[in-house]
Amino acid sequence: MMNSIPDSFHHIPVLFEETVDSLNIKPDGIYVDCTAGGGGHSREIAKRLTTGRLISIDRDPQAIETLRSRLSEFECVTLVHDNFFNIKNIISSLGISGADGILADLGVSSHQLDEPSRGFSFHHDAPLDMRMSLEGVSAAQVINSLEQRELQRIIFEYGEEKFAPSISKAIVRAREQKPIETTLELAEIIKSAVPAAARRDGHPARRTFQAIRIYVNGELDGLENAVSDMFDCLNPGGRLSIITFHSLEDRAVKHVFSSLTKGCTCPKNFPVCVCGKKPRAKVMKAVSPGEQELADNSRSRSARLRTAEKLTDNG
């Protein structure tokens, strides 16, 4: 049974004005907010539309219920409870041939972090959950069932945690005594496995919690394909704007955007192009939070906004 929806469901949009402005919104255009969350971006986009349309997507059922209330005044908004990885099917099922702008704010929302019952945070004691969709395998099941070598891989690859070997071994030792069930239990196990000197460099559990969250929600599984699909769903001249919060996400987005800007792939010694390939996108300079935003919202420190514009057929 789904938990009741907290009145405080919110997400502090990072790079808010920069992101909405990057979409170059036309009042009669079609836009997609792939990660609508608490509705901050969606609401601002909807306010700028007249005869246009906005599709607001989120995989979190609590977010959808909140959006239903917060966006109820906008007739132009269609809510979709789904994973944006399925954007091509979503767009097709709504009878939309292409969008003029698509936005994705990757990562976990402020509500999911701040609501203890969701089990994302190492600052509160709660059941070890971390499921954005409230469905599927929980973080507790992952922590208590995977072999040590696989836990080490996940923590190292998704958390970029150099102490992954000792942390994964500590987890396995602890669960042999009793199942690890809560966030603070896991946080203390991680803390005990990290050298004292490293504990002074931010919370010692941060990278491991990030890694487990990414694994549980499949955030990087097929992300590059999802970014490509979002771009494919754009009309010529449309823009795709993506906010990332860690290097793994950012690397995936950069790779796809870079591939979209490449044209001719003929060998350099060819006198003329025979492949006929042309650049498909123009990529804008990445945007980072300014000093004021960093001061107001510490969670914005690693955020990057990247935008690609789909070129017309003649480039």
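This is a guided tour of one protein chain, moving from the whole fold to selected acidic residues and salt bridges. The model is predicted, which should be kept in mind at every stop.

**The whole chain**

Begin with the full chain in cartoon view, where 14 helices and 7 strands can be traced. The C-alpha trace spans about 65 × 60 × 40 Å along its principal axes, and the radius of gyration is 21 Å, which agrees with the value near 20 Å that a compact globule of 315 residues would have. If you switch to a surface, about 15,400 Å² is exposed, with carbon and sulfur atoms supplying 48% of it, while 50% of the 315 residues count as buried. Among contacts between residues at least 6 apart in sequence, 67% join residues at least 24 apart.

**First stop: D33 in strand β1**

Select residues 30-33, which form strand β1, and show the side chain of D33. This aspartate is buried yet has no salt bridge, the nearest side chain of opposite charge being that of R70, 11 Å away. What does the side chain of D33 meet in a polar contact? The partner is the side chain of S42, at 2.8 Å. Leaving aside residues up to four places away in sequence, D33 also touches H41, L54, I55, S56, I57 and L103, in addition to S42.

**Second stop: D58 and the start of helix α3**

Move to strand β2, residues 53-58, and select D58. D58 is likewise buried without a salt bridge; here the nearest side chain of opposite charge belongs to R59, at 6.8 Å. The side chain of D58 reaches the backbone nitrogen of D60 at 2.9 Å, and D60 in turn caps the N-terminal end of α3, with a side-chain oxygen 2.8 Å from the backbone nitrogen of Q62. Extending the selection to helix α3, residues 61-70, brings in the buried residues P61, Q62, A63, I64, T66 and L67. Two of these, A63 and I64, are touched by D58, whose contacts beyond four places in sequence also include C34, T35, A36 and G37, as well as V80, H81 and D82.

**Third stop: salt bridges within helices**

Of the 18 salt bridges counted in the model, two within helices are convenient to display. In helix α2, residues 40-47, select E44 and K47, which lie 3 residues apart, about one turn of the helix. Their side chains meet in a salt bridge with an N to O distance of 3.4 Å. Which of the two partners is buried and which is exposed? E44 counts as buried because its relative accessibility is 18%, under the 20% limit, whereas K47, at 52%, counts as exposed.

Next, go to helix α7, residues 148-159, where R153 and E150 are also 3 residues apart and so separated by about one helical turn. R153 forms a salt bridge with E150, the closest N and O atoms being 2.8 Å apart. Both ends are partly exposed, R153 with a relative accessible area of 28% and E150 at 26%.

**Last stop: a buried pair and a network**

Finally, select E219 and R213, which form a salt bridge whose closest N and O atoms are 2.8 Å apart. E219 counts as buried at 11% relative accessibility, and R213 counts as buried at 11% as well. To close, select D21, E44, K47 and R48 together, since salt bridges that share partners join these residues into one network.

Methods: Residues numbered from 1 in each chain as written. Predicted model: local features only at pLDDT ≥ 70, side-chain atom pairs only at ≥ 80, totals over all residues. Heavy atoms only, no water. Helix = DSSP H or I, 4+ residues; strand = E, 2+ residues; numbered from the N terminus. Buried < 20%, exposed > 50% of the residue type's maximum accessible area, 1.4 Å probe, protein only. Lys, Arg positive; Asp, Glu negative; His and termini not counted. Salt bridge = Lys/Arg side-chain N within 4 Å of Asp/Glu carboxyl O. Polar contact = N/O pair within 3.5 Å; in protein donor to acceptor, adjacent residues only side chain to side chain. Contact = heavy atoms within 4.5 Å. Rg over C-alpha atoms; globule rule 2.2 N^0.38 Å. Areas by Shrake-Rupley, 256 points an atom, 1.4 Å probe, with all protein chains shown as cover.
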